[in-house]
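Student: I've got a structure open and I'd like to talk it through. Can you take my questions one by one?

Tutor: Sure, let's have a look at it together.

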Amino acid sequence: QVPLVESGGGLVQPGGSLRLSCAASGFTSDYYAIGWFRQAPGKEREGVACISSSSGGTTYYTDTVKGRFTISRDNAQSTVFLQMNDLKPEDTALYYCATNSWVYGERCLKRESYGYWGRGTQVTVSS
């Protein structure tokens with residue numbers, strides 16, 4: 001098992017920013033893809049942003065967050081970040097990180113690509 005622990009969620013006003021962190025001990029190699037997902041009440045879990053398995057890692061984003069969210073990783077710290085700017089009420093959800101080896105291309109935005117998940121951190125955007 002690769003334990004994943006998310007942090008950084010909270011309550012923020014529309015237009016504000018948050019940075020989520022995912023501490024993932026056991027992965028320090030680029031062959032582990034990492035993804036951020038979110039699930040709002042009554043909705044399915046959706047891929048938000050991911051870094052695919054490859055040297056350097058290609059990033060992918062769902063259309064609704066492009067230009068606002070940025071995913072990055074620090075292998076030395078075994079941590080992945082999701083910088084979220086210009087937050088909107090529709091971004092309110094429980095945010096999860098996930099990882100798995102050998103996930104290429106846009107498959108890294110698909111929940112079925114991952115076998116290891118954290119427990120999530122709540123993000124609420126409200127005035």
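Tutor: One thing before we start: this is a predicted model. Let's begin with strands E7 and E8, which are joined by 6 bridges and run antiparallel.

Student: Okay, which residue in E8 is the bridge partner of Arg 73?

Tutor: Strand E8 covers residues 79-84, and its pairing with E7 is antiparallel. Look across from Arg 73 into E8 and the bridge partner there is Val 80.

Student: Those two must belong to a sheet, then. What is the strand order of the open sheet of 4 strands?

Tutor: The pairing in this open sheet is antiparallel. Its edge strands are E1 (4-7) and E7 (69-74), each of which pairs on one side only. On average, neighbouring strands here are turned by 15° against each other, direction ignored. Reading across the 4 strands, the order is E1-E3-E8-E7.

Student: Let's move to E9. How many of its 9 residues are buried?

Tutor: Strand E9 spans residues 93-101. A residue counts as buried when its relative accessible area is under 20%. By that cut-off E9 is mostly covered, and the number of buried residues is 7.

Student: And which residue of E9 is the bridge partner of Gln 39?

Tutor: Strand E4 (residues 32-39) runs antiparallel to E9, and 8 bridges join the two. For Gln 39, the partner in E9 is Leu 94.

Student: E9 also pairs with E11. Which residue there is the bridge partner of Ala 93?

Tutor: E11 takes in residues 121-125 and pairs with E9 in the antiparallel sense over 3 bridges. Within E11, the partner of Ala 93 is Val 123.

Student: What about E10: which of its residues stands opposite Thr 99?

Tutor: E10 is made of residues 116-117, and its antiparallel pairing with E9 has 2 bridges. Opposite Thr 99 you'll find Tyr 116.

Student: Back to E4. Which residue in the turn of the E4 and E5 hairpin has a positive phi?

Tutor: E4 and E5 pair in the antiparallel sense over 5 bridges, with Gly 35 standing opposite Cys 50 in E5. The hairpin leaves 6 residues between the two strands. In that turn, the residue with a positive phi, about 80°, is Gly 42.

Student: Does E5 go on to another strand? I mean, which residue in E6 stands opposite Ile 51?

Tutor: E5 (residues 46-51) is mostly covered, with 5 of its 6 residues buried. It is joined to E6 by 3 bridges, and the two run antiparallel. Facing Ile 51 in E6 is Thr 59.

Student: Now the charges. How far apart in sequence are the parts that Arg 38 and Asp 91 tie together?

Tutor: Arg 38 and Asp 91 form a salt bridge, with their closest N and O atoms 2.9 Å apart. Both residues are buried. Arg 38 sits in strand E4 and Asp 91 in the loop between E8 and E9, so the separation of the parts they tie together is 53 residues.

Student: Asp 91 has another partner, Arg 68. How far apart are the closest N and O atoms in that salt bridge?

Tutor: Both Arg 68 and Asp 91 are buried. Arg 68 lies in the loop between E6 (59-61) and E7, so its link to Asp 91 ties together parts 23 residues apart in sequence. The closest N and O atoms in this pair are separated by 2.8 Å.

Student: Is Asp 86 buried, partly exposed or exposed?

Tutor: Asp 86 forms a salt bridge with Lys 88, the closest N and O atoms being 3.6 Å apart. Lys 88 has a relative accessible area of 30%, so it is partly exposed. Asp 86 comes in at 37% relative accessibility, so the answer for Asp 86 is partly exposed.

Student: Last one, the largest pocket. How many charged residues are in its lining?

Tutor: The volume of the largest pocket is about 200 Å³. It is lined by 14 residues, and Arg 38, Ala 40, Lys 43, Glu 46 and Glu 90 lie nearest its centre. The lining has 3 nonpolar and 3 polar residues, and the number of charged ones is 8.

Technical notes. Residues numbered from 1 in each chain as written. Predicted model: local features only at pLDDT ≥ 70, side-chain atom pairs only at ≥ 80, totals over all residues. Heavy atoms only, no water. Pairing = 2+ DSSP bridges. Axes fitted to C-alpha atoms, helices over the stretch in contact; angles between N-to-C directions. Buried < 20%, exposed > 50% of the residue type's maximum accessible area, 1.4 Å probe, protein only. Salt bridge = Lys/Arg side-chain N within 4 Å of Asp/Glu carboxyl O. 1 Å grid on protein atoms, 1.4 Å probe; cavity = no way out; pocket = protein on both sides within 12 Å on 5 of 7 lines; lining within 4 Å. Points joined across faces, edges and corners; volume = space filled by probe spheres on them. Nonpolar A, V, L, I, M, F, W, Y, C, P; charged D, E, K, R; others polar.
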